[in-house]
Amino acid sequence: MPASNTYDAILIGGGPAGSCAGAILAEYGHRVLILEREKFPRFHIGESLIPFTYEPLKRIGMIPKMKKSNFVKKYSVAFVRPEGKSSTPFYFHTRYDKDTIAQTWQVLRSEFDQMMLDNAREKGAEVKEEVTVTELIRENGKVVGVQTKNKDGSTAEYRAPITLDCTGKEAWSATRQGWRMRDPYLNKVAVWTYYKGSKREPGIDEGQTMVAYLEDKGWFWHIPQHNDMVSVGVVAEGKYLTRGGVKDPKEIFHREVQQNNWIKEHLSVGESTGVW
Ligand SMILES: Cc1cc2nc3c(=O)[nH]c(=O)nc-3n(C[C@H](O)[C@H](O)[C@H](O)COP(=O)(O)OP(=O)(O)OC[C@H]3O[C@@H](n4cnc5c(N)ncnc54)[C@H](O)[C@@H]3O)c2cc1C
C-alpha cells in the first residue's frame, strides 16, 4: 500500500455529515480522505435548516459563508389546517434567548453541500469525487480501509484505522450488513417539485417553513428559497398516495394540492419546474 493511500480517517460520502466530520478531523491535523460518488454540485433534498444547526456550522467556520450566501433567512415555522387556516408563526426568537439561533436558512442543497465540501477542503481534508466505495476491507475482524471504483472503471484501495460511513439515508455499510430495520410508523413516501414565481408570505415570514396538513393522511412542506423558487412536497403513506392505482408522481402531486386550500392558493400562481 503506497503511503499516499493511507490516511488517519476515511469518510464515505461528501454530504453535510462527511464534510462536517472531515473539516473537524482535518482541523485537528489528521490526514483525512472524503470519498464521494457524485460530482458536486449535485441535487439533494433536505433544504430547511433548523435553528440548532447554528453551533455546528459555527464550529466548522461556515457562519460567515452562510451570511454572505443568497440563502433565504428563516425565522419561523407555521402550520396550516387542510381547510387553509394557518397557525400563528412560531418565531424562534420567542423561545430561544440566544440571538444566534433566532434565525437559520433555507438552503439549496446543491449550493450548500458544495460550500460545505469546499470548507472541508480548506481545512485540509482531501476530497475525491466520482469515486464510489464498493467494499470495506477487513483484517482480523476490523475495518482497515475501503475498496473503490472510479468513474473510468479503475479500482483502488485506501487504508485508515477509522472509516466513517457518511452515506446518509442510504446507510451504505449498515444496509450491506443487514442491520437496517424498517419502522412501520415511518413508512412514508414523498413526492415533490419546485415552483417558480408562486406566492410567498411577506416580510419576515418570507422564509417561513409551512407544514400544511392533509386531513389525517399526511402533510406538505413549503420551503421558500432564493431565486424566487419554492420547494414543495407531499409526505404520506405510499398506499394513500397511490390510491385508485395512480402511480404518476405529477398526477399524485397535483391531486394532493387540491386537498389543502393554503397550498392550492399559494401554487395557483407560478410554475412547476419539474416533479420527481
Ligand atoms: C423528502 C425529504 C425531505 C427532507 N427535508 C429535510 C429538511 O427540510 N431539512 C433537513 O434538515 N433535512 C431534511 N431531510 C433530511 C436530509 O436530507 C438528510 O438529513 C441529509 O441529507 C443527511 O446528510 P448526510 O450528509 O448524512 O447524507 P447525504 O446528504 O445523503 O450525503 C451522502 C453522500 O454520500 C454519497 N455516497 C453514498 N454512497 C456512497 C458510496 N458507496 N461511495 C461514495 N459516496 C457515496 C452520496 O452521493 C451523498 O453525496 C429530508 C429528507 C428527505 C428524504
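Trp219 is partly exposed in this predicted model, with a relative accessible area of 32%. You'll find Trp219 in strand β14, which covers residues 218-224. Why call this tryptophan partly exposed rather than buried or exposed? Because buried means under 20% relative accessible area and exposed means over 50%, and the 32% of Trp219 falls in between.

That value matters for the next thing to look at. A residue needs over 30% relative accessible area to count toward a surface patch, and Trp219 sits at 32%. Joining Trp219 are Phe79 and Tyr213, and the three form a nonpolar patch on the surface. Taken together, they offer about 270 Å² of accessible area.

Now zoom out to the overall layout. The protein splits into two domains: domain 1 takes in residues 3-43 plus 110-177, while domain 2 runs over 184-275. If you put a point at the C-alpha centre of each domain, those points are 34 Å apart.

On to the ligand. Around the ligand there are 27 residues, and the closest are Ala17, Glu36, His44, Ser48 and Arg109. Start with His44: one of its polar side-chain atoms is 2.7 Å from a ligand oxygen. Arg42 also reaches a ligand oxygen through its side chain, with an N or O atom at 2.9 Å. Ser48 uses its backbone instead, placing an N or O atom 2.8 Å from a nitrogen of the ligand. As for how covered the ligand is, on its own it would expose 1000 Å², and the protein buries 75% of that.

Key: Residues numbered from 1 in each chain as written. Predicted model: local features only at pLDDT ≥ 70, side-chain atom pairs only at ≥ 80, totals over all residues. Heavy atoms only, no water. Patch = residues over 30% accessible without salt bridge, like charges linked within 9 Å, V, L, I, M, F, W, Y side chains within 5 Å. Areas by Shrake-Rupley, 256 points an atom, 1.4 Å probe, with all protein chains shown as cover. Salt bridge = Lys/Arg side-chain N within 4 Å of Asp/Glu carboxyl O. Helix = DSSP H or I, 4+ residues; strand = E, 2+ residues; numbered from the N terminus. Buried < 20%, exposed > 50% of the residue type's maximum accessible area, 1.4 Å probe, protein only. Domains from an automatic or database assignment. Near = heavy atom within 4 Å. Polar contact = N/O pair within 3.5 Å; in protein donor to acceptor, adjacent residues only side chain to side chain.
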